[in-house]
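These notebook entries record what I looked up, place by place. I kept each entry brief.

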Amino acid sequence: MVLRILAAAVLALPATLAAQQADNAAAQARRIALRAPDAVAAVEFTRVTSVRELRDGSVLVANQPEGRLVLVQWGSAEAPVIGRAGDGPGEYRGVGWLYALAGDSTLFTDSYLDRWLLLDGPRIVATVVEQNTVNRLLRAQLSGADEFGHVLGVRGEVFPGRAPRTRDTADSLLLLLAGRAAQRVDTIARLKGRGGGGFHVGQRESGRPPFIVVTNPLASEDQALLFGDGWIAVARIEPYRVDWRAPDGRWVRGAPLPFTAVGVDDRERCFAMERVLGSAGGSDPSSLPGWPETVPPFLPVWLQSLAPALLAAPDGRLVIARTPTTASPEHQYDVVDRQSRLIGVISVSANETLIGFGARSVYTLSTDAQGVQRLRRHLWP
């Protein structure tokens, strides 16, 4: 019996030591406090997917539910809408995301038609139709763009069971780097997908096709981000780390980042359901499939109110939105440098979200009890 106890204690030592090391490394990371906002937009939003700062300091804001792409001009109560709904050139049906290109150029994606619109400052100047090869591969939700004509995206490769063949149900994802002009697409990495973890296939009445329920609020996947200078960051879930790819194709493999695993019990399940699904989701965890054993370090955009998990800071560092837990319900962001080291941690309240960066600013969204969002600008530390 004594030998068994000793053996169990020895086996537990590595896990305990790893947890202690993670806690020590996290404690050593610099706590980055955001300064009070120096500007607050007069216009209100309901669900912003992304922002893009222009050279004159004004900001493009993509607001999805209302189907509006607007220009925020600080100090003005007006926020003119850019473009209009439609299927013609310069028109869009659904608001997707904004991706910074060279200079004052921006790529804006149509989440309904999968077409891409190119902007020069606040003006739509060109349309890339949805039948384009790269559009058909990468769709509207990209993983960033650079100043050299490249875009990054993912495509599902291996699919489980009866789940539909979409990127959201794939066990494995291909990370694709594409040239917008040359229409060349290269596979540069393989990512872990959500698989069947967040999907439930129910059975309809006899003779009718099955239905799919996409619900689990803790189903996550590896994610990537293309920076403006051509570097690519790949955030991995297991183990939690960041790999970097230089523009010349050279990879820098990251060591595991400080991370203390939080077990997924019923309290964590109910907390995730309330946070992601709201009151409509109820609090019966047994009604949802695919619960992981531990809380993932970060979540995809669809489980974060459309806000991205990965953001590019103006100094070239990666900012990762961590998954809130019952013990840490606030929004926490890890700041990782290009040597894959955790160098800072940003914490904001549970009703605040980081949504993007400018040349010297960080933009946040503050959401009130009615779900109204206000865009705020802070000087980046």
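**Entry 1. Asp114 and Ser340.** I began with Asp114 in this predicted model and asked whether Asp114 is buried or exposed. Its relative accessible area is 10%, under the 20% limit, so I noted Asp114 as buried. I located Asp114 in the loop between β9 (105-110) and β10 (116-120). Its phi is near 65 degrees, a positive value in a residue other than glycine. I recorded this because most residues other than glycine have a negative phi.

I then turned to Ser340, where phi is likewise positive, near 65 degrees, in a residue other than glycine. Ser340 belongs to the loop between β23 (331-336) and β24 (342-348). With 7% relative accessibility, Ser340 counts as buried.

**Entry 2. A cis peptide bond.** I looked up the bond from Glu238 to Pro239 and found it cis, with omega near -10 degrees. Pro239 is part of the loop between β18 (232-236) and β19 (241-245). I set this beside the general rule that most peptide bonds are trans.

**Entry 3. Asn216.** I placed Asn216 in the loop between β16 (211-214) and β17 (223-226). Asn216 is buried, at a relative accessible area of 2%. Which backbone nitrogens lie by a polar atom of the Asn216 side chain? I found that of Leu218 at 2.9 Å and that of Ala219 at 3.4 Å. I also looked up Pro285, which is 69 residues from Asn216 along the chain; the C-alpha atoms of the two are separated by 9.2 Å.

**Entry 4. Ser50.** I found Ser50 in strand β3 (residues 48-53), and its relative accessibility of 7% counts as buried. Its side chain makes a polar contact of 3.3 Å with the side chain of Thr49. Setting aside neighbours within four places in sequence, I listed the contacts of Ser50 as Leu60, Val61, Ala62, Gly96, Trp97, Leu98 and Ile355.

**Entry 5. Strand β26 and its partners.** Why is strand β26 (residues 361-367) described as largely enclosed by the rest of the structure? Six of its seven residues are buried, and the description therefore follows.

I next examined the pairing of β26. Strand β25 (residues 352-357) runs antiparallel to β26, and five bridges join the two. Glu352 has Ser366 in β26 as its bridge partner. Three residues make up the connection in the hairpin from β25 to β26.

With strand β27 (residues 373-379), β26 pairs in the antiparallel sense over seven bridges. I noted Tyr363 opposite Arg377 in β27. These two strands also form a hairpin, with five residues between them. Gly371 in that turn has a positive phi of about 85 degrees. The charged end of Arg377 sits over the ring of Trp74, 5.1 Å from the ring centre.

**Entry 6. A four-strand sheet.** I traced an open sheet in the order β17-β18-β19-β20, with antiparallel pairing. Which strands stand at its edges? They are β17 and β20 (251-252); each has a single partner strand, so one side of each is left without a neighbour in the sheet. Between β17 and β18 I recorded four bridges in the antiparallel sense, and Leu225 stands opposite Ala233 in β18.

**Entry 7. Aromatic rings.** How many aromatic pairs are there? The count comes to eight. For Tyr240 and Phe259, the ring centres are 5.7 Å apart and the planes stand at 65 degrees, so I entered the pair as edge-to-face. This pair links distant parts of the chain, 19 residues apart: Tyr240 is in the loop between β18 and β19, and Phe259 in the loop between β20 and α3 (266-277). Tyr240 is buried at 2% relative accessible area, whereas Phe259 is partly exposed at 25%.

I also looked up the rings of Tyr240 and Phe298, whose centres are 6.2 Å apart with planes at 55 degrees, so that pair is tilted. Here the two residues lie 58 residues apart, with Phe298 in the loop between α3 and β21 (310-312). Phe298 is buried, with a relative accessible area of 0%.

Lastly, I recorded one aromatic cluster formed by Phe227, Trp231 and Trp244. The charged end of Arg338 sits over the ring of Phe227, 5.0 Å from its centre.

Conventions: Residues are numbered from 1 along each chain as its sequence is written. This is a predicted model: local features need pLDDT of at least 70, side-chain atom pairs count only at pLDDT 80 or more; totals for chains, interfaces and linings use all residues. Side-chain values use heavy atoms; hydrogens and water are left out. Buried means under 20% relative accessible area, exposed over 50%, partly exposed in between (1.4 Å probe, protein chains only). Two strands pair if DSSP finds at least two bridges between them. A polar contact is a pair of N or O atoms within 3.5 Å; within protein, one must be able to donate a hydrogen and the other to accept it, and residues adjacent in sequence count only if both atoms are side-chain atoms. Contact means heavy atoms within 4.5 Å. Rings of Phe, Tyr and Trp (its six-membered ring) pair if their centres lie within 6.5 Å; planes under 30 degrees apart count as stacked, over 60 as edge-to-face and the rest as tilted. A charge sits over a ring if NZ of Lys or CZ of Arg is within 6 Å of the ring centre and within 35 degrees of the ring normal.
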